[in-house]
Structures are given as C-alpha cells and as structure tokens.
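Let's walk through this one together, beginning at the ligand and working outward from there. Keep the 3D view open as you read.

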Amino acid sequence: MEYAFSSRISALQPSAIREILKVTSNPGVISLAAGNPSPETFPAKDMAEIAAEIFEKRFADALQYGVSEGYDPLRRVTAERLREKFSVGRDFDDLIIVSGGQQGIELSAKCFANEGDVILCEEPSFIGALNALRSYGVRLMAVPCGPQGMDMGALERILAETPRVKLIYTIPTFQNPSGVTMPLESRRRMLALAEKHGVMILEDNPYFELRYDGQYVPPIKSLDAAGRVIYCGSYSKIIAPGIRLGFVCAPKAVIAKLTVAKQVSDVHSNLFFQMLVCEYLETRDLDAHIAQSRALYKEKLERMTSALREHAPMLDFTAPQGGLFLWCVLPGGLDGAEFCRRMGGKGVAAVPGASFLVDEGAGSPAIRLNFSLPSARQIDAGCARIGETLKECLGERQ
Ligand SMILES: Cc1ncc(COP(=O)(O)O)c(C=O)c1O
C-alpha cells in the first residue's frame, strides 16, 4: 500500500547514525559511531537510592501529570546552576525543562521558522538538529567553518546578502562532529551580527562541561544582554541520555511560546526522572561526578589519538579539547562513506562525514569517531583496523 505521507516527513532521510546503531548492537562489532556516553559514568547507585525514596514517599507526584514548563524545583536548581557557574540567564530570561536538547532544538524551530525561512548553521553539523530544522520546511544554509569554528567573515557576508534569515544554529563548544571550539572573539562578533540583522541565535551546548584541555570559553548566552540567544543544554552527556532531560534558557516571551509548542508535543517531560535529577542535583555532587567523567574521557581520547598515530599515521585529525568526537580526514581523496562501508565489513562502525552535511548528496573525505563508549581494548583494535583498511584502500589506488 502506498501511504500519502506529508512532504514535511517524506523529505527527511533517517539519521545515518541511528541506522548505524542498529548494526552496532550486533555482538562483536566495535562501535566508534554513536555519541553515547560511557555507562561507566552513569550514577546508577545514587539514582537507585533516590528512585526508591521517590516511589516510596512521593509516587503520587512522580506518576501524576505535571506542568509543561517542567518540575518547578528542577527548573530552579537548573537555572541557579547555569547562572552561578556560567553566567547564563538574566532577569529577562526564563527556563523550560525539555525532553533532551533535541527537543529544545525542535521546539525552537517550531516557534521561529516559517516554511521558506533560512537557517544558517555550521557545516558539518549535528544530524539530529539539521533534520529537526528541515522538518519545518526551512532552507538550511551552511556557513564555512575552520579550526576556529564558524567563519565570521563568511557569516557577515551571508547575512548581508540573504533575505529571510531567522536563526543561526551553532554548537560553539566541542562541536559535533568537528570537535572545534569557537573563540570568545567570534562569539562576540556573532552576537553583534545577530543584533545588527535582527536574527536569533540558537546555541546548542550539550558538550560544554566535558572539557579535557585548554581554556574555558564562556557560552554565547552569557554575553547576551539583548535577549537574542536561545540556549539549549542537556543532562544527557553529564548524567545519562536515557533520562531524556534537557533545558532551554531564553527570554521569557520565547519560553512562553516554547511551552505552548511543548504542550502539543509531549505535554511535559518525564516527571519521575525530573524529580530524580532534581534530588540528585540537590543532594549529590554533580560537579565531582562530571570531573570523574572528564578524567575517564580524557584518558580515552588520549588512547585513541595515540592508537591512530601508531596504526594510521596518514590520517589527518586534530585532537579536540573536549566533547566526545574525533573528526578525521582520510588521505588521498578517499571517500568517507565507502571507507565506513569497508570498516563495517571488518566489524568496526564509524560515521561518514557526508552524514553531517547540509547537502545530503555531497561526498566527504571525512569520518567521525567516538571515543567515549569503546573500551581501551576496543579503541586499540578499532584503530588498528582503521589503519589496515586505509593501507588496503591506498594500495588499491596504486
Ligand atoms: C550537538 C548536539 N545537540 C543536541 C544533542 C541532543 O542530545 P539530547 O537530546 O540527548 O540532550 C546531541 C546529541 O548527541 C548533540 O550532539
């Protein structure tokens, strides 16, 4: 039977990463593909204790409907933490709890983008966001990027020449997939350009607290005195992704619209987990927990970079200062998608760079590797197979 799906959804390709994840659940496959945090970091023991207390004493609240803005005490502790630690949020701002940063992006697009509007983004960029933005019929335009993130000269030109730009979508810190971080000066310039052209900035910052090296760079939102920035954060990478909890900090009028958009989407985020995370934040030490995760990921990142240098010295990559990904450019113009197919045949999953492009049909010589999930042995074995496959591919060229 032919189903008459909406053009909105027919135009979307399934996320290459979600498709790869289906394969990586096969035993024996080494997955360097997903952006999953390591289960070693999940605070399962604390969560079990808190869960037991909630079910025993507060089940009537936890299992009841809640308000769309989120569980009030969690909104409060989240907003306080953001303001005190990162200067995110001013008196004109408010905060809503969402079902992961992904929902924050989707709701922002829903509230701001009309069909035919233009949204500017980095290229490469996070597939989940690109698809969420595409689903509202917008025209995505890539702004060229370099080792310092989005090129501000190019952004200025594009903003001057392009009508109907509604949003600039950016992942300024430890960008997914490239790993790069935008310097403070570029953040200031982006904000000034957004102000000049009357455009909103959607700052997506889920990796922000996973820094292993280098100097702290403040969020764009912390510089936002005019109410131009919608800030999307997440508990996925610093607590656990399965709880599906994120947050958006934005001017009050924007949060009011996001709340209406959320009401028609999922009413509210899972109340039990909102209460659990709230209790965790109030009674445990999230910063100490994040420090442990950082130490583990730093070790894994170093393991991966040294294994690649040993086994695949012809691969071009720059170690990121944080986040979960290593972006690698293959030598000799090899195609990333073809290379990942061959790696799949050897039981190693990686994501082709082309999956992160605005133009889904374009090729890319890059691949994205994740280092947070695999064990040290898997990192070594995976990198050794990358080296072997590269030698084979380059050998066939001669
Ligand atoms: C850049 C970026 N933004 C947002 C998300 C969404 O994360 P979540 O919905 O789990 O908070 C991800 C997940 O990988 C991501 O990489």
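Start with lysine 237: an N or O atom in its side chain sits 3.0 Å from an oxygen atom of the ligand. That falls under the polar contact cut-off used here, a pair of N or O atoms within 3.5 Å; inside the protein, one atom must also be able to donate a hydrogen and the other to accept it, and residues adjacent in sequence count only if both atoms are side-chain atoms. With the ligand's own accessible area at 390 Å², the protein covers 93% of it (Shrake-Rupley method, 1.4 Å probe; for residues, only the protein chains shown count as cover).

Before going on, a word on the ground rules: this is a predicted model, where local features need pLDDT of at least 70 and side-chain atom pairs count only at pLDDT 80 or more, while totals for chains, interfaces and linings use all residues. Residues are numbered from 1 along each chain as its sequence is written, and side-chain values use heavy atoms, with hydrogens and water left out.

Which other side chains reach the ligand? Aspartate 204 has a side-chain N or O atom 2.5 Å from a nitrogen atom of the ligand, and tyrosine 207 puts a polar side-chain atom 2.5 Å from a ligand oxygen. Both belong to the set that comes nearest among the 14 residues around the ligand, along with Gly101, Ser234 and Ser236; being near takes a heavy atom within 4 Å. By type, that shell splits into five nonpolar, six polar and three charged residues (Ala, Val, Leu, Ile, Met, Phe, Trp, Tyr, Cys and Pro are nonpolar, Asp, Glu, Lys and Arg charged, and the others, Gly among them, polar). Helix H6, residues 101-112, gives the most to the shell, with three residues; helices (H or I, at least four residues) and strands (E, at least two) are DSSP runs, numbered from the N terminus.

Now for strand S9, residues 229-234. Six of its six residues are buried, so S9 is largely enclosed by the rest of the structure (buried is under 20% relative accessible area, exposed over 50%, partly exposed in between, with a 1.4 Å probe and protein chains only). Val229, Tyr231 and Gly233 cover one face, and Ile230, Cys232 and Ser234 the other.

What pairs with S9? Strand S8 (residues 200-204) runs parallel to S9 over four bridges, where pairing takes at least two DSSP bridges. Glutamate 203 has tyrosine 231 as its bridge partner there. Strand S10 (residues 246-251) is antiparallel to S9, also joined over four bridges, and cysteine 232 is matched with valine 248 in S10.
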